[in-house]
Amino acid sequence: MKKSENTWKEGFHLHMRGMKVLNEFCPGRFKVLILRQAVETAAPYVGIYLSALIINELAGLRRPEELWRLVLISLVSAAVIGIGTTLVRHWDEYNSDKRFERITTIFADKLLSMDYAHIDSAEHRAKLNQIKENRNWSMWGLEIAELITGQFFAGLFGILSAAVLTVSLFTSRMPAETAGKLVVLNNPLFIIVIIGALTLTAFLGPVCKNKSNSYFTKFTEETKFGNRIGNFSFVAEDSKKAADVRIYNQQKIIRYYLEYDNTFYPGGPVAKCAAGPMGLWQALGSGISAVLTGFIYLFVCLKAWGGAFGVGSVTQYVGAVTALSANLGSLIWAFGNIKNNMPFMKNVFEFLDVPNKMYKGSLTTEKRSDRQYQVEFKDVSFKYPDSDLWSLRHVNMKFKVGSRLAVVGENGSGKTTFIKLLCRLYDPTEGEILLNGIDIRKYNYDDYMSIFSVVFQDFKLLSQPLGCNVAGAVSYDKDRVLKALNDAGFGERLKTMPEGLDTCIYKEFSKEGVDVSGGEAQKIAIARALYKDAPFIILDEPTAALDPIAEAEIYSKFNEISGDRTAIYISHRLSSCKFCDEIAVFDNGSVVQKGSHEQLLSDESGKYYALWNAQAQYYTEKK
Ligand code: ADP
């Protein structure tokens, strides 16, 4: 008993919190929702009441002036209520249509504000996937929470309105002379019997239906796999994967899974349950409601027969009782689903409540016009959050401002990890990184981030106009964007673009969009880094699409345009970086050598010498 009390309390708490979060994204949303429910549920009762008055008048005194008055009131109220409910409904629907975007924005904002390490973490990815799957699976989570609120208020207002109209059913008494034996129905005991029947009608039916719906929650785990397969079947839609799917005939794998998994098909667990207990509870609910409603109708008709009220009042009570049970149904649906939706809401808040662990200080990095920044790695070691292996080990490094630093080493030696730590996407597991002698954790995070421009190896462009891609904003300085594109070597290609800077990259947003090659995309990404005009500019190894010679050309051009910025180049191809002032050689997560190209090459026992000779065939071909 105690356990279930706690459960309800928790369910309410979670839903109230959900409403608060949703309301923050659309202030006033719930006022409109509640107003709609009040107007829509009360409106039919006005019609029922006025119709009953007209019928009673027709069947009774038949006074023409009273009939005209009632008809006029009915017409005017029907028109006013009709216009009012339509306006409020559209106002609410407009807000409600934005529900999908609002909820998507809530998760997008969380993703953008959470520690980068969390985004990488398998545990948090799984949580987010689960939330998405629950949304697809029947809007469980925040979406259904909004519907529950609507139904809750619909039920509440409806019950209040129906109660007002049914009071006289109990207070009007049958005259002994017309009622005969039926006079027994005047006994106050019948009030209790009928209220009992009303309560049972209202509760038992919906309770059975809720029991039926509760089976949905039990399927969360079973349907996880089915949902994932459903998403997997869209793999051929992804233009980046479509070519591989065709060449390797991968549709066989997709089909295998679709045929193998019967979660949502006849014979599957969901279908079996729908035909079994779910269906039985639904049928029982409908049956109980029908029998008890019939019993109440009988009572109303017998009281009318005995002369307690006129035929018009019969329509009033029958209408009110019917609406009452529907409204109680809404209320119980809402209560039941507060419980059913609870595990899904827990899921939502487990993700939204993931705490950020990174310490973020408040020091400013001072926007120095002389770009005098000095960075030092002091005995830095690092393990990725889900890994037991050291990706960096005891890295010590200092680099001067305005210099050209190259980070070279074989794939997997720790070069990209080094950059990710430098930009504070992760914090070191051991050791510290200093900017102008101060631990970078003490700086304001956004401020610190703003001093870096990075072209990551796996950079992504947005399916947006070229200018927006470069500027990272919808409105931008056109001349600066053009200069950045020209400096990055994209000038000639830009001339062929139909709408210049307004040309959409890729086709997802516009059918006039332009597909760009890997090399062209990289130039746009370099232009984006230049436009940001940060004191540090970093070029992670260009995509594998570039041959060593093209890569070396990009690097030397990049050197030219980097100007007084501190430039860091990463590559596993040594020839690309030999112009740099200092080269750091990474091996197995450690810096094993440092120096200029000539100094490093003169050490014949060193890693650099070995790597250079292993790669020499590429460069001799050029000569
Ligand atoms: P490089 O840039 O030199 O190719 P990386 O810095 O990408 O090397 O990787 C260094 C090591 O860290 C590798 O052993 C790699 O497998 C591991 N690593 C890279 N990214 C992750 C990650 N997100 N989670 C766990 N290990 C990772």
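A polar side-chain atom of S391 lies 2.8 Å from an oxygen atom of the ligand, a polar contact being a pair of N or O atoms within 3.5 Å, where within protein one atom must be able to donate a hydrogen and the other to accept it, and residues adjacent in sequence count only if both atoms are side-chain atoms. The structure is a predicted model, in which local features need pLDDT of at least 70 and side-chain atom pairs count only at pLDDT 80 or more, whereas totals for chains, interfaces and linings use all residues. Residues are numbered from 1 along each chain as its sequence is written, and side-chain values use heavy atoms, with hydrogens and water left out.

The backbone also takes part in contacts with the ligand. A backbone N or O atom of S413 is placed 3.1 Å from an oxygen atom of the ligand, and a polar backbone atom of G414 lies 3.1 Å from an oxygen atom of the ligand. Taken alone, the ligand exposes 570 Å², of which the protein buries 61%; accessible areas come from the Shrake-Rupley method with a 1.4 Å probe, and for residues only the protein chains shown count as cover. The shell around the ligand consists of D120, Y384, S391, E410, N411, G412, S413, G414, K415, T416 and T417, a residue being near a molecule or strand if one of its heavy atoms lies within 4 Å of it. By residue type, this shell divides into one nonpolar, seven polar and three charged residues. In this division Ala, Val, Leu, Ile, Met, Phe, Trp, Tyr, Cys and Pro count as nonpolar, Asp, Glu, Lys and Arg as charged, and the others, Gly among them, as polar. Helix α16, residues 415-422, gives the most to the shell, with three residues; helices (H or I, at least four residues) and strands (E, at least two) are DSSP runs, numbered from the N terminus.

E410, one of the residues around the ligand, also takes part in a salt bridge. K607 pairs with E410, the closest N and O atoms being 3.0 Å apart; a salt bridge is a side-chain nitrogen of Lys or Arg within 4 Å of a carboxyl oxygen of Asp or Glu. Because K607 lies in helix α24 (residues 607-622) and E410 in the loop between β3 (404-409) and α16, the pair ties together parts that are 197 residues apart in sequence. K607 is partly exposed at 26% relative accessibility, and E410 is partly exposed at 38%; buried means under 20% relative accessible area, exposed over 50%, and partly exposed in between, with a 1.4 Å probe and protein chains only.

Further salt bridges occur elsewhere. Side chains of opposite charge can pair when their charged atoms come close. A search of the whole structure finds 23 salt bridges. In one of them, the side chains of E10 and K346 meet at 3.6 Å, N to O. This pair links distant parts of the chain, with E10 in helix α1 (residues 2-25) and K346 in helix α15 (residues 342-352), 336 residues apart. E10 is partly exposed at 33% relative accessibility, as is K346 at 34%.

The side chains of D533 and R565 meet in another salt bridge, at 2.8 Å, N to O. Here D533 belongs to the loop between α21 (518-532) and β7 (536-539), and R565 to the loop between α22 (548-561) and β8 (566-571), so that distant parts of the chain, 32 residues apart, are linked. D533 is partly exposed at 36% relative accessibility, whereas R565 is buried, with a relative accessible area of 11%. In addition, salt bridges that share partners join R29, R36, E40, R89, D92, E93, R102 and E146 into one network.A buried acidic residue makes contacts with the backbone. D115 is found in the loop between α4 (99-113) and α5 (116-120) and counts as buried at 5% relative accessibility. The side chain of D115 reaches the backbone nitrogen of K357 at 2.6 Å and the backbone nitrogen of M358 at 2.9 Å.

On the surface, L189, I191, I192, V193, I195, F295 and L298 make a nonpolar patch of about 620 Å². Patches are made of residues with over 30% relative accessible area and no salt bridge, with like charges joined within 9 Å and nonpolar side chains (Val, Leu, Ile, Met, Phe, Trp, Tyr) within 5 Å. The elements that give two or more residues to the patch are α9 (188-218) and α13 (269-305), and α9 gives the most, with five residues. L189 is found in helix α9 and is exposed, with a relative accessible area of 54%.
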